[in-house]
Amino acid sequence: MIKFAIEQDVFNEDFSEMYRAISLNGAVYNNVVYRPFFGIHECRIDSEDTDVIFMGSLNCAKHVIRNTKWRVWCDFDKFKCSHYYTYLGEYLINKNYLMMPLGEVERQKNNIYNYLNPHGNTDNYFFIRPDNGYKSFTGNLVNYTTISSELGSFVNCDSDYEQLVVISSPKNIKQEWRFFVIDGKVITGSLYHVDGKLNKSRNSPLNVWKYAEKIAKEYQPESAYVLDIGEFNNGNLGVMEVNSFSCSGLYLCDQNLIIENIIKLFNKEKEELSV
C-alpha cells in the first residue's frame, strides 16, 4: 500500500482535501515531524519502506533523501538557476541576468549597474537571489549605495560568500501562478500573487495555462515538478521559478488531481524499475 509521509506545519495550508484524496485513491498518510540536526520524529513509517511518497520542507527532504528509501521528487541540482536557466533562458522573467559569487558583487557593483541600466536610468536597486534550489536566502532588492551592509545580511559564515548568486533588474509583476506538472502534463494551477501580495485563487486563464504547457514541453527537470509563471502589466508572460514537487506549497491547486496523478506516476515508475 502506498503511504504519504507529510511533514507538518510547513506550508500553513489546509490539507484536508489532500487527506481525503489519499484515502479515495487507496493510500494512507502519516504525519512527519522533523527537527533540524536530530532528524525525523513521531513517524510510524519504516525508513526502508519503498512505497512512500514524501511531501514537506527542503530541509526535511535532504534528510529523507540521505536516510530513507522514500520517493522524493526534489533533485536539488536540477533546481539551481544555473541548471534550468540553461534551458529556459528565453522564457525567463529575469532573462537578462548576471551570475557571480556573492563575495564579488560589491566589487563588481559598477559593472552590474552599467549592465542592468544601459540607458543610464536612475534605478538604484537590483534584484539578487541565490543560484541554489535550496534557497539559502530569500530573493531581495539591494540598493547600490548601501550594498555592503545589505549583502552582509545574507551571510552566516565566510563560505557563504562563495555561493553563486543571480542578479537582475527589478521587475513589476502583476500576477503569479503556480502549476503542477506530473508525467509531462500540466495537471492543475492556482493564482497566488497579485501586485506582490498573497492572493490565492483557482483562476488560471487559458493563455497562462497554454504557456505553462509550452514550457512543460520544453523542459522536464523531473517527472514531477512545479512551475511558477508571472505576468507583466502589459500581459506578457515569463517563468518565475522551477521548483520541486515534494517541497512546494499547493496554494489552491486541485489536491485531488495532484494525488491521483502522483500515485499513477509512482506506480508507473515502480513498474518500469521492476522490468
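Me: What makes a contact count among the 13 salt bridges of this structure?

Reply: The structure holds 13 salt bridges, a salt bridge being a side-chain nitrogen of Lys or Arg within 4 Å of a carboxyl oxygen of Asp or Glu. This is a predicted model, in which local features need pLDDT of at least 70 and side-chain atom pairs count only at pLDDT 80 or more, while totals for chains, interfaces and linings use all residues. Residues are numbered from 1 along each chain as its sequence is written, and side-chain values use heavy atoms, with hydrogens and water left out.

Me: Why is the pair Asp-183 and Lys-268 called a salt bridge?

Reply: The closest N and O atoms of Asp-183 and Lys-268 are 3.0 Å apart, and the limit is 4 Å, so the pair qualifies. Asp-183 lies in the loop between strand E9 (173-182) and strand E10 (185-194) and Lys-268 in helix H7 (residues 255-274), so the salt bridge ties together parts that are 85 residues apart in sequence; helices (H or I, at least four residues) and strands (E, at least two) are DSSP runs, numbered from the N terminus.

Me: Why is Lys-268 called partly exposed?

Reply: Its relative accessible area is 36%, and partly exposed is the range between buried (under 20%) and exposed (over 50%), with a 1.4 Å probe and protein chains only, so the term applies.

Me: How do you know that Cys-247 is in no disulfide?

Reply: The structure holds zero disulfides. For Cys-247 the nearest cysteine sulfur, that of Cys-74, is 3.9 Å away, whereas a disulfide requires a pair of cysteine sulfur atoms within 2.5 Å, so the criterion is not met.
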